[in-house]
Amino acid sequence: MRKLILMAAAATIITTGCGGSGKSNAEAEAAATRTDSILIKKLQQLQTDGKIAYGHHDDPSYGLRWRFIADSSDVKNVVGDYPALFSFDLGMIEWNADKNLDGVPFDYMREQIIAHDARGGINTISWHPRNPLTKGNSWDVKGDSVLVNVLKEGELNDTIKAWIGNAADFVASLKTADGKPVPVIFRPWHEHTGEWFWWGVNHCTQQEYIDLWKLTRQIFDEKGATNVVWAYSPDKSNCMTAEDYMERYPGDEYADVFGADVYDFSTDPADSTFTKTVTRMLDIATAEAAKHGKVVALTETGLEGLGYNEWYTQRLYPAIKDYPIAYVTVWRNAHADDKAGHFYAPYPGHPSAPDFVKFYNLDQMVFLNDLKK
Ligand code: BMA
């Protein structure tokens, strides 16, 4: 029953992207043919069809025992098909580095995004930028509030603008061979309800966080990086109510996707913590998305190391199947030499591979081949 109610709510979606409001007919028509609007429609279609696209972070970049092998993917090596959605991270682009924080060359990332788009797939990008004040990583929350310093005029303001500019340049560089912009879901300043990132809840005020989003959007627009579907993605931490979820919402012009990040930390099949938390977060995100005419997604999830072999069909799927989410993304399969045991999708030979094949075959779950259909 809940599903029917939620599907009806999803069907009320009318927006065609953040740039859609207050436009003349000609402008509205031009906006509707933009690649970001086409991507939003694709996400809306998944929701109205009651389908959920499966996504995997860094899927074509590396897996447990390989790195940067053309056409490789742990997911594809298990089920013979790519995830519908690839996720990537821009961390270190702010430092003009050649590779991101997990060693993925930005040129390789660009090629993979363009290739996945060409084969009908969807791409999403997150960003773990370093701390502009301390120059530590995203998780460096020591010392003063970064945003107080970053948002007022001065050297740090120039720094953050340049950093956001680098991210925007990368996104604007995503083009097909014939020069058409490739749309991506961009999910900046994620998990802000948590306390582990320098833009997190205890490290800035509500207004500062919102101003950071606005600055990001402004720079993307100025740089011509308009091929973007914007995703807002609070973490389950400190997010018990709709008020908590919406507290730092930048506004309808700034977000297209209402996400939620919820990880599982239990290999015990009887543990219901994850299920309850996903229910709480997706109840909130779905209701708020319906009110604001936005897409819903489980933007990050997973059980590190997949120590529960039936996790995909017995824990993840039951938790999400009654929600009109357009997609679900699990985190990366780190190379064993980099971070052993840090993987969220099975690889060939892993005991959860047979269960993942069952998950792949579920009618509601969408991988690349289904998306093409
Ligand atoms: C985290 C871990 C880290 C990684 C970061 C950014 O959750 O996977 O090892 O560096 O995401 O991808």
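This section describes the two largest pockets of a predicted model and the surroundings of its ligand.

The largest pocket encloses about 500 Å³ of space. Its lining is formed by 23 residues, and those lying nearest the centre of the pocket are Trp139, Tyr263, Trp331, His342 and Tyr344. Classified by residue type, the lining of the largest pocket comprises ten charged, eight nonpolar and five polar residues.

The ligand occupies this largest pocket. The residues around the ligand are Leu101, Asp102, His128, Trp139, Trp331, Arg332, Lys339 and His342. Three residues of this shell are nonpolar, three are charged and two are polar. Trp139, Trp331 and His342 belong to the shell around the ligand and are also among the residues nearest the centre of the largest pocket.

Polar contacts to oxygen atoms of the ligand are made by the side chains of Asp102, Arg332 and Lys339. For Asp102, a polar side-chain atom is placed 2.6 Å from a ligand oxygen. The side chain of Arg332 has an N or O atom at 2.8 Å from an oxygen atom of the ligand, and for Lys339 the corresponding distance between a side-chain N or O atom and a ligand oxygen is 2.9 Å. Taken on its own, the ligand has 310 Å² of accessible area, of which the protein covers 82%.

The second largest pocket has a volume of about 180 Å³. The residues lining the second largest pocket are Thr35, Ile38, Leu39, Lys42, Asp117, Gly121, Ile122, Asn123, Thr176, Lys180, Pro181 and Pro183. Two elements, α3 (35-48) and β5 (122-126), each contribute two or more residues to this lining. Helix α3 provides the largest share, with four residues. By class, five residues in the lining of the second largest pocket are nonpolar, four are polar and three are charged.

In summary, the ligand is located in the largest pocket, where side-chain atoms of Asp102, Arg332 and Lys339 lie at the stated distances from ligand oxygen atoms, while the lining of the second largest pocket draws its largest share from α3.

Technical notes
Residues numbered from 1 in each chain as written. Predicted model: local features only at pLDDT ≥ 70, side-chain atom pairs only at ≥ 80, totals over all residues. Heavy atoms only, no water. 1 Å grid on protein atoms, 1.4 Å probe; cavity = no way out; pocket = protein on both sides within 12 Å on 5 of 7 lines; lining within 4 Å. Points joined across faces, edges and corners; volume = space filled by probe spheres on them. Nonpolar A, V, L, I, M, F, W, Y, C, P; charged D, E, K, R; others polar. Near = heavy atom within 4 Å. Polar contact = N/O pair within 3.5 Å; in protein donor to acceptor, adjacent residues only side chain to side chain. Areas by Shrake-Rupley, 256 points an atom, 1.4 Å probe, with all protein chains shown as cover. Sits in = over half its atoms within 2 Å of the grid points.
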